[in-house]
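This explanation guides a newcomer through a single protein chain. It is best read with the sequence and the three-dimensional view side by side.

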Amino acid sequence: MRHCSFSPEAGDSTFNWQTLRTLLPYLLEYRLRITLALVCLVAAKVASVGLPFILKHIVDSLDKGLASDGVAKVLVLPLGLLLAYGVMRLANVLLGEIRDALFGRVTERAMRRIGLTVFKHLHRLELDFHLNRNTGGLSRDVERGVSGVSFLLRFMIFNIVPTLFEIAMVIGVLLVNYSIWFALVTLVAVVLYIGWSVIATDWRTGYVRAANLADSQSNTRAVDSLLNFETVKYFTNERHEAERYDEDLAEWEIARRNNRLSLFALNGGQALIIAIAMTVMMILAGKNVVAGTMTLGDFVLINAFMMQLFLPLNFLGFVYREMKSSMANVERMFALLRRKPVINDATEASELVISKGAIEFNEVSFGYGAERVILDRVSFNVRAQQKVAVVGASGSGKSTLVKLLFRFYDVDAGSILIDGQDIRHVTQDSLRRAIGIVPQDTVLFNASIFDNIRYGRIDASDAEVLEAIRLAHLSDFIARLPEGVDTLVGERGLKLSGGEKQRVAIARTILKRPAILVFDEATSSLDSRSEQSILQAIREVSRGQTSLVIAHRLSTIVDADHILVMDHGRIVEQGSHEQLLAQQGRYAQLWQIQKQVLSQ
């Protein structure tokens with residue numbers, strides 16, 4: 001079955017460390033920078049561990065100096081240590097800044113590469129995915145995923161790893177220079193702290209995901225409502241939209257509250273472990289100082305080590321929590337990347353070669369799953385430079401022919417040929433370059449008229465764009481605009497009327513210069529005057545071109561070389577306008593019905 005939308009829970013079920021391996025290729029571009037950053041990291045940690053030792057000697061020197069009443073000794077000897085302390089602290093900070101500066105480029109480039117990869121991948125996914133997506137929620141997933149990449153790279157490499165390295169160094173120093181109890185208390189405290197952080201964070205991860213999901217849903221609801229602003233106004237459903245949005249916000253509020261309360265429990269447990277460990281260490285050090293087995297400097301060193309150790313360890317709890325959230329966000333984004341496009345180029349796909357522009361549908365069948373068959377063994381030919389029209393009631397399968405021709409979907413049976421080449425055996429890019437379309441609903445970018453027309457061929461010159469404007473009969477309309485071709489059309493082109501947007505679409509297609517033209521009910525939403533103007537432009541554009549016209553109004557295709565009449569996914573009649581009227585069949589009935597409607 002084709003219908004398959006992206007699940008908002010995808011990628012959230014487990015803490016997938018494999019994601020970190022997925023990020024590695026994005027880091028390999030800057031191996032030297034990463035190496036230098038790691039060297040700075042190690043040097044900074046060595047300086048950090050050395051600081052308490054300098055502080056110990058300063059305190060011991062001051063203590064001995066005061067005890068001996070030697071004024072000169074008191075002033076001279078600690079001065080060198082104090083200068084060394086200042087130099088070490090400055091080196092620690094500067095090395096950290098240099099490390100961040102070196103790795104910042106790596107992080108930013110990785111974010112850029114990943115963001116571009118996701119963007120390209122979304123454009124490769126099939127039409128069905130985009131028809132079923134939630135644009136607001138999807139954009140937030142990608143945004144949070146790219147931001148999560150930055151967090152993972154920076155804090156995994158420059159917080160968790162160096163903090164564990166520093167813990168190992170401190171425990172080793174305490175074990176070698178002092179009693180085993182100091183090392184044991186530190187090790188037990190660290191293990192308990194990390195264990196509690198992991199257990200509590202895993203417990204509250206569900207609340208983080210629930211908050212993210214509620215955030216995406218509320219954002220999707222808001223974007224969807226605002227995109228349909230006119231529809232909301234037409235039916236005076238502002239209160240209904242506000243109530244639905246508030247329901248989503250209420251779920252978000254509950255999820256955020258649970259998240260906050262679980263965070264309180266996590267932080268409380270961490271603080272308790274730190275307080276107990278600090279107290280026990282100070283009692284042990286104090287007893288040894290009183291017993292004369294440790295100096296006052298040793299007491300200060302132990303205290304400095306514990307404060308210095310638990311400061312990043314406390315931050316480690318925050319980093320781990322955020323990494324859980326970031327990992328979930330990144331995994332959601334990579335779940336998008338793992339989604340394989342349904343429509344792919346064949347292994348040895350060739351470029352489509354246009355010689356005449358003839359189209360052949362050969363026994364084509366297609367459906368959205370077995371329960372919804374759209375086309376049933378449809379066969380017809382569009383000869384080179386011929387204009388073929390397809391008519392029929394809504395749901396008869398007319399527009400599906402266009403989607404299959406562009407290969408937005410693949411046929412279930414049969415084949416579609418262009419100049420004898422099966423479109424499944426040519427590249428999608430070459431296929432779509434050869435076909436130009438004026439769709440029923442022309443959606444424009446929120447840019448100028450000029451830029452929207454140039455979108456048909458990005459490398460076109462200004463003169464070529466202006467010529468396309470002239471051929472599409474847009475010149476008079478643009479001349480009346482204060483800003484001319486630089487006039488912004490608004491989001492989705494809402495500042496233009498239906499006829500104006502259709503002319504822009506025609507100009508864009510003219511600029512593309514395709515071998516095959518497709519008109520998908522291009523005038524169905526226009527008034528009679530606009531329709532005639534657009535039809536004139538279409539006739540001029542399609543003269544001498546192979547054209548496939550999907551029509552709702554039969555009056556627009558009376559000049560077609562051949563007309564196909566479809567009903568329930570099958571061709572029931574075909575011929576010229578006069579031949580079909582003479583048959584007194586389905587086409588003649590549709591013609592009479594539309595004449596009666598127009599005469600009323």
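The paragraphs below begin with the chain as a whole and then turn to particular regions.

The model shown is a predicted one. Its chain contains 18 helices and 10 strands. Of the 600 residues in the chain, 47% are buried. About 30500 Å² of the chain is exposed, and 59% of that area is supplied by carbon and sulfur atoms. Contacts also say something about how the chain is arranged: among those between residues at least 6 apart in sequence, 80% join residues at least 24 apart.

The helices offer a convenient place to begin. Helix α2 spans residues 31–68 and includes S61. This serine counts as buried because its relative accessibility is 16%, and the cut-off for a buried residue is under 20%. S61 and L81 are 20 residues apart along the chain, and their C-alpha atoms are separated by 9.2 Å.

Further along the chain, a nonpolar patch lies on the surface. The patch is formed by L175, V176, I180, W181, L184, L187, V188, V191 and L192, which together have about 890 Å² of accessible area. Two helices, α5 (135–177) and α6 (180–227), each supply at least two residues of this patch. The largest share comes from α6, which contributes seven residues. V188 may serve as an example from the patch: this valine is found in helix α6. With a relative accessible area of 43%, V188 is classed as partly exposed, because that class lies between the limits of 20% and 50%.

Backbone angles draw attention to two loops. Most residues other than glycine have a negative phi. T236, which is not a glycine, has a positive phi of about 45°. This threonine lies in the loop between α7 (229–234) and α8 (238–291), and T236 is exposed, with a relative accessible area of 60%. A second case is H568, a residue other than glycine whose phi is positive and near 50°. H568 lies in the loop between β9 (562–567) and β10 (570–575). Its relative accessible area is 69%, so H568 is exposed.

The strands can now be considered. Strands of a sheet pair through backbone hydrogen bonds, either parallel or antiparallel. In this model, four strands form an open sheet in the order β2-β1-β4-β5, with antiparallel pairing. Its edge strands are β2 and β5, each of which pairs on one side only. Within the sheet, strand β1 (residues 359–367) and strand β2 (residues 373–382) are antiparallel partners joined over six bridges. One of the residue pairs involves F366, whose bridge partner in β2 is L375. The two strands β1 and β2 form a hairpin with five residues between them. In the turn of that hairpin, G369 has a positive phi of about 90°.

At the other edge of the sheet, strand β5 (residues 421–422) contains Q421. Is Q421 buried or exposed? Q421 is buried, because its relative accessible area is 19% and the limit for this class is under 20%. A polar atom of the Q421 side chain lies 2.6 Å from the backbone oxygen of V353. When neighbours within four places in sequence are left aside, Q421 is in contact with E351, L352, V353, I416 and V426.

A further set of strands shows parallel pairing and is arranged around β7. Strand β6 (residues 435–438) runs parallel to β7 and is joined to it by four bridges. In this pairing, V438 has F519 of β7 as its bridge partner. Strand β8 (residues 546–550) also pairs with β7 in the parallel sense, over five bridges. Here V518 stands opposite L548 in β8.

Where do the side chains of β7 point? I516, V518 and D520 point one way from the strand, whereas L517 and F519 point the other way. The residues pointing each way are all buried. Accordingly, strand β7 (residues 516–520) is mostly covered, with five of its five residues buried.

Note on methods. Residues are numbered from 1 along each chain as its sequence is written. This is a predicted model: local features need pLDDT of at least 70, side-chain atom pairs count only at pLDDT 80 or more; totals for chains, interfaces and linings use all residues. Side-chain values use heavy atoms; hydrogens and water are left out. Patches are made of residues with over 30% relative accessible area and no salt bridge: like charges are joined within 9 Å, nonpolar side chains (Val, Leu, Ile, Met, Phe, Trp, Tyr) within 5 Å. Accessible areas come from the Shrake-Rupley method with a 1.4 Å probe; for residues, only the protein chains shown count as cover. A salt bridge is a side-chain nitrogen of Lys or Arg within 4 Å of a carboxyl oxygen of Asp or Glu. Buried means under 20% relative accessible area, exposed over 50%, partly exposed in between (1.4 Å probe, protein chains only). Two strands pair if DSSP finds at least two bridges between them. A polar contact is a pair of N or O atoms within 3.5 Å; within protein, one must be able to donate a hydrogen and the other to accept it, and residues adjacent in sequence count only if both atoms are side-chain atoms. Contact means heavy atoms within 4.5 Å.
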